[in-house]
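This report describes selected packing and pairing features of one protein model. The sequence and the structure are shown first.

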Amino acid sequence: MLTDERINVLAKNLINFSCELKKGENILIEATGVDYQLVNALVKQARLAGAYPFVEIYDNKVQRQILLDMDKEFAERMRDFACYRMDKMQAYIGIRGGENAYELSDVPEDRRNIYNVGYSHPVHHERRVANTKWCVLRYPTQGMSQMSGMSTEAFEDLYFNVCNLDYSKMERAMTPLVELMNKTDKVRIVGKGTDITFSIKGIGGVKCAGRRNIPDGEVYTAPVKDSVNGVISYNVPSVCNGIRFDNIRLEFKDGKIVKATSDKTDAINKIFDTDDGARYVGEFAMGVNPFITKAMGDILFDEKISGSIHFTPGACYDDAFNGNNSAIHWDLVLVQTKEMGGGEIYFDDKLIRKDGIFTLDELKVLNPENLK
């Protein structure tokens, strides 16, 4: 059980930096699979800011039972209530934890799809993302320590190094990459089992430096929807709907996934058949967090790995809009450091990153030694 001052620092940062909570505003705090300590600290900081915290505590074992009995009418009733509540909020913090990342692994696919389409997408993508100041974070648990292959104490130290770093410094360092994205047309990514091209012309880059996710550290945009061609092989395992996928390989033609394989090829194609938008890409991002150097099976960490990219089938974000709508948004990660096989990224035929290290002078501020 965590008791140190680092929790209070994290709570202050979430309320005052990530959400910029103001006097008189409502904030919804949703916590899943975590103890009370960070929730209490957030409530205290929200009240010190003169705001009004509303709290919901969830357990994944209960969520599993809800999903096992999910049907369209149930999802729509849940949606109507949750949308009404979300419309009253100016800010949102979601805390995710739990001891078993695979708690939902035996929920049937059709029940998941009903929930994702009928509840999750309209409540979170259409309401929360579009209309609130929001931040989603993981919280250290013994289960996460185990997944990372570290002792509980060592993982907690890593967690707070990652989550309590100087995000304002990182935000400033991201400016040159955003400016470069804003004037770039063609992107090419090359690596082991990967050679893919697409355009980002007119989409624009967006900084992620502690205002939407904790941990954070990425700059994202989106490909022009029909511009993606080639193949990408991801080298980081990914958990979706409680199922772990390894060796994911996607082939694209004119923006669409035309072939998807993994160690669970049938299951992965069911996800990509959720709706029409699930086979198109809604996000392209580069990870730059200097303290996250290897995968640990948690996407909020893995997508921020320094030297990584994620190339995300599913819905785009409004601030990097490419017109793709979907009930899914599945961040899949490729790490291009030397230890993971290397690789290059080119913007308009100019090399900008090699083996996970930025090569252009104006982008070197984002290399690990300059962000710690």
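The text below treats a helix pair, a buried strand with its partners, and an open sheet in turn.

**Helix packing**

The model is predicted. Two packed helices are described by the angle between their axes and the distance between the axes. For helix α4 (residues 72-86) and helix α5 (residues 109-131), the angle is about 10° and the axes are 8 Å apart. Because angles under 35 degrees count as roughly parallel, α4 is roughly parallel to α5. The crossing of these two helices is right-handed.

On the α4 side, the contact is formed by K72, A75, M78, R79, A82, C83 and M86. These residues meet I114, Y115, G118, Y119, P122, V123, H124, R127 and R128 of α5. Sorted by class, the contact between α4 and α5 comprises 10 nonpolar, 2 polar and 4 charged residues.

**A buried strand and its partners**

Strand β16 (residues 308-313) is mostly covered, with 6 of its 6 residues buried. In a regular strand the side chains alternate between the two faces of the sheet. On one side of β16 lie S308, H310 and T312, on the other I309, F311 and P313, and all of them are buried. Both faces of β16 are thus covered.

Strand β16 pairs with strand β15 (residues 281-287) in the antiparallel sense, over 6 bridges. Within this pairing, F311 of β16 is the bridge partner of F284. Strand β17 (residues 333-335) is also antiparallel to β16 and is joined to it by 3 bridges. Here I309 stands opposite L334 of β17.

The table lists three antiparallel strand pairs, including one from the open sheet described next.

| Strand pair | Bridges | Residues opposite each other |
|---|---|---|
| β15 and β16 | 6 bridges | F284 and F311 |
| β16 and β17 | 3 bridges | I309 and L334 |
| β18 and β19 | 4 bridges | E344 and K354 |

**The open sheet**

An open sheet of 8 strands has antiparallel pairing and the order β14-β13-β10-β6-β5-β18-β19-β20. Strands β14 (256-261) and β20 (357-358) stand at its edges; each has a single partner strand, so one side of each is left without a neighbour in the sheet. Within the sheet, strand β18 (residues 344-347) and strand β19 (residues 350-354) run antiparallel and are joined by 4 bridges. In this pair, E344 stands opposite K354 of β19.

Helix α10 (residues 265-272) lies across β13 (249-253) and the edge strand β14. The direction of α10 is at about 155° to β14.

Key: Residues numbered from 1 in each chain as written. Predicted model: local features only at pLDDT ≥ 70, side-chain atom pairs only at ≥ 80, totals over all residues. Heavy atoms only, no water. Axes fitted to C-alpha atoms, helices over the stretch in contact; angles between N-to-C directions. Parallel < 35°, antiparallel > 145°, perpendicular 65-115°, else oblique. Left-handed = near helix turned anticlockwise from the far one by under 90°. Contact = heavy atoms within 4.5 Å. Nonpolar A, V, L, I, M, F, W, Y, C, P; charged D, E, K, R; others polar. Buried < 20%, exposed > 50% of the residue type's maximum accessible area, 1.4 Å probe, protein only. Pairing = 2+ DSSP bridges.
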